[in-house]
Amino acid sequence: MKLRTTLAALLATAALSSAAFAECELTLKSSDTHPDGYPTVAAVQKMGEMLKERSGGRICIDVFHSAQLGEEKDTIEQTKFGVIDLNRVSMGPFNNEIEETKVVSLPFIFRSVDHMHKVMDGDIGAEIAAAFEPHGFVALAFYDGGSRSFYNSKKPITSIEDLAGMKVRVMQSDVFVDMMTALGANATPMPYGEVYSGIQTGVIDGAENNWPSFESSGHYEVAGYYTLNEHLIVPEVLVMSKVSWDKLSPEDQELVRAAARESMPINRELWAAREKESEDKVRAAGVQVIDNIDKTPFIEAMVPVYEKHANTPKLQDLVTRIQAVE
Ligand code: GTR
């Protein structure tokens with residue numbers, strides 16, 4: 001019954017969206033795992049409005065939210081081949097393919113979200129964006145993903161010792177698998193869409209994410225303990241398929257680039273507001289939040305993760321330069 005209702009809703013959405021884009025010469029298909037109203041979804045929709053207006057109604061963006069086009073890893077493949085034109089994803093699922101993205105996904109690499117903004121807005125951000133191109137993607141914008149913390153259905157985590165033997169879902173990247181191993185937990189890489197039922201059925205004990213994802217996914221309904229240890233600040237990225245990009249004229253490429261750039265401050269503003277709203281909602285729902293955690297042992301435990309993943313002079317140099325940004 002639920003499946004039938006969902007299918008009917010999806011078909012209705014598809015019919016509405018094709019009508020809305022009927023007059024556009026080119027409609028770029030954009031993917032996002034998050035639901036409508038989430039700051040990343042809203043930012044790409046705004047980008048679409050700017051693009052439509054500035055192209056005289058020729059170029060539009062149709063944002064398929066709520067993982068309608070699939071889970072992140074699969075949509076990244078489809079984007080590479082030009083089946084999907086635009087994709088808003090975390091840096092995490094790119095880690096195993098684009099080594100530069102590993103550095104900005106390392107635990108505690110950024111001291112704060114401000115530090116992350118300074119790095120990603122500057123030359124290092126441009127360098128990371130350029131690293132996508134040989135892999136078939138044009139990185140157009142970096143978005144906020146706040147900081148990620150642990151949550152689970154079993155008990156309050158107040159120290160590394162509490163994580164021992166716990167089954168914790170991570171994004172599909174070796175960096176995060178090794179991060180959990182270094183903390184003594186059992187890392188379970190799996191798609192985002194499987195986490196809710198994974199916790200509910202006990203396949204996993206918990207996962208880790210930021211406030212808005214913890215809230216919008218409903219994970220807080222099945223995982224009642226959230227520890228604010230903020231081990232990851234992973235920037236998110238809006239990529240365009242190189243296949244789709246190469247079909248655009250240089251003038252249209254510039255229109256797309258500019259609209260994407262201008263969607264960044266919009267995303268940041270929406271993110272800041274949503275972070276607070278999500279935290280309030282989760283706390284009001286009775287989730288126990290452990291927020292006086294000593295991060296030092298967690299930071300110290302990450303030495304082997306840095307050694308393994310920042311393992312070339314080029315990547316080590318990138319780590320050093322990121323850490324040096326004031
Ligand atoms: C969210 C992020 C998504 C996805 C998800 C996950 O915070 O915005 O792109 O990476 O986490 O954990 O899979």
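Does Asp-246 count as buried or exposed, and how many C-beta neighbours does Asp-246 have inside 10 Å? In this predicted model, Asp-246 has 11 C-beta neighbours inside 10 Å and therefore counts as exposed, the threshold for that class being 12 or fewer. The residue is located in the loop that joins helix H10 (242–245) to H11. Between the C-alpha atoms of Asp-246 and Trp-211 there is a distance of 37 Å, while the two residues are 35 positions apart in sequence.

For the protein chain as a whole, the secondary structure consists of 14 helices and eleven strands. Its radius of gyration is 20 Å, close to the 20 Å given by the globule rule for 326 residues, so the chain is as compact as a globular protein of that length. Along the principal axes, the C-alpha atoms occupy a box of roughly 60 × 55 × 30 Å. Of the 326 residues in the chain, 44% are buried. Among contacts with a separation of 6 or more, 76% are made by residues 24 or more positions apart.

The domain assignment divides the chain into domain 1 (10–145 + 236–277) and domain 2 (148–233 + 286–324), with C-alpha centres that lie 24 Å apart. The contact involves 31 residues from domain 1 and 28 residues from domain 2. On the side of domain 1 that touches domain 2, at least two residues each are supplied by helix H3 (72–80), helix H4 (99–103), helix H5 (113–121) and helix H11 (250–284), and it is H4 that gives the most, with four residues. By residue class, this side of domain 1 divides into 15 nonpolar, eight polar and eight charged residues.

The two domains also meet in the nonpolar interior. The largest nonpolar core has 83 residues, of which Leu-140, Val-168, Leu-238 and Val-239 touch the most other members. Both domain 1 (10–145 + 236–277) and domain 2 (148–233 + 286–324) contribute residues to this core, so it lies between them. When residues up to four places away in sequence are not counted, the contacts of Leu-140 are with Leu-238, Val-239, Met-240, Val-256, Arg-257 and Ala-260.

The ligand is likewise surrounded by residues of both domains, since at least three residues of its shell are drawn from each of domain 1 (10–145 + 236–277) and domain 2 (148–233 + 286–324). The surrounding residues are Thr-33, Glu-72, Val-89, Ser-90, Gly-92, Gly-145, Met-171, Tyr-192, Asn-209, Asn-210, Ser-213 and Glu-236. They comprise three nonpolar, seven polar and two charged residues.

Two of the residues around the ligand, Asn-209 and Asn-210, recur in the surroundings of Arg-148, which touches Glu-208, Asn-209, Asn-210, His-231, Leu-232 and Val-234 once residues up to four places away in sequence are left out. Arg-148 belongs to strand S5 (residues 148–152) and, because it has 25 C-beta neighbours inside 10 Å, counts as buried, the cut-off for burial being 20 or more. The C-alpha atom of Arg-148 is separated by 19 Å from that of Glu-71, a residue 77 positions away along the chain.

Packing around a single helix can be followed in helix H7 (residues 174–182), where Val-175, Phe-176, Asp-178, Met-179, Met-180 and Ala-182 are buried. These buried residues pack against H4, strand S6 (167–170), strand S7 (186–189) and helix H13 (303–309). Just after H7, Gly-184 adopts a positive phi of about 85°.

Positive phi values also occur outside glycine, although most residues other than glycine have a negative phi. One such residue is Ser-66, with a phi near 55°, which is found in the loop between strand S2 (59–64) and H3. Ser-66 has 18 other C-beta atoms within 10 Å and is therefore partly exposed. Phe-108, which is not a glycine, likewise has a positive phi, of about 60°, and is placed in the loop between H4 and H5. Phe-108 counts as buried because 20 C-beta neighbours lie inside 10 Å.

How values were computed:
Residues are numbered from 1 along each chain as its sequence is written. This is a predicted model: local features need pLDDT of at least 70, side-chain atom pairs count only at pLDDT 80 or more; totals for chains, interfaces and linings use all residues. The radius of gyration is taken over C-alpha atoms; the globule rule is 2.2 Å times the number of residues to the power 0.38. Two residues are in contact if their C-beta atoms, placed from the backbone, lie within 7 Å. Domain bounds come from an automatic or database domain assignment. Ala, Val, Leu, Ile, Met, Phe, Trp, Tyr, Cys and Pro count as nonpolar, Asp, Glu, Lys and Arg as charged, and the others, Gly among them, as polar. A residue is near a molecule or strand if its C-beta atom, placed from the backbone, lies within 6 Å of it. A nonpolar core is a set of buried Ala, Val, Leu, Ile, Met, Phe, Trp, Tyr and Cys residues joined through C-beta atoms within 7 Å.
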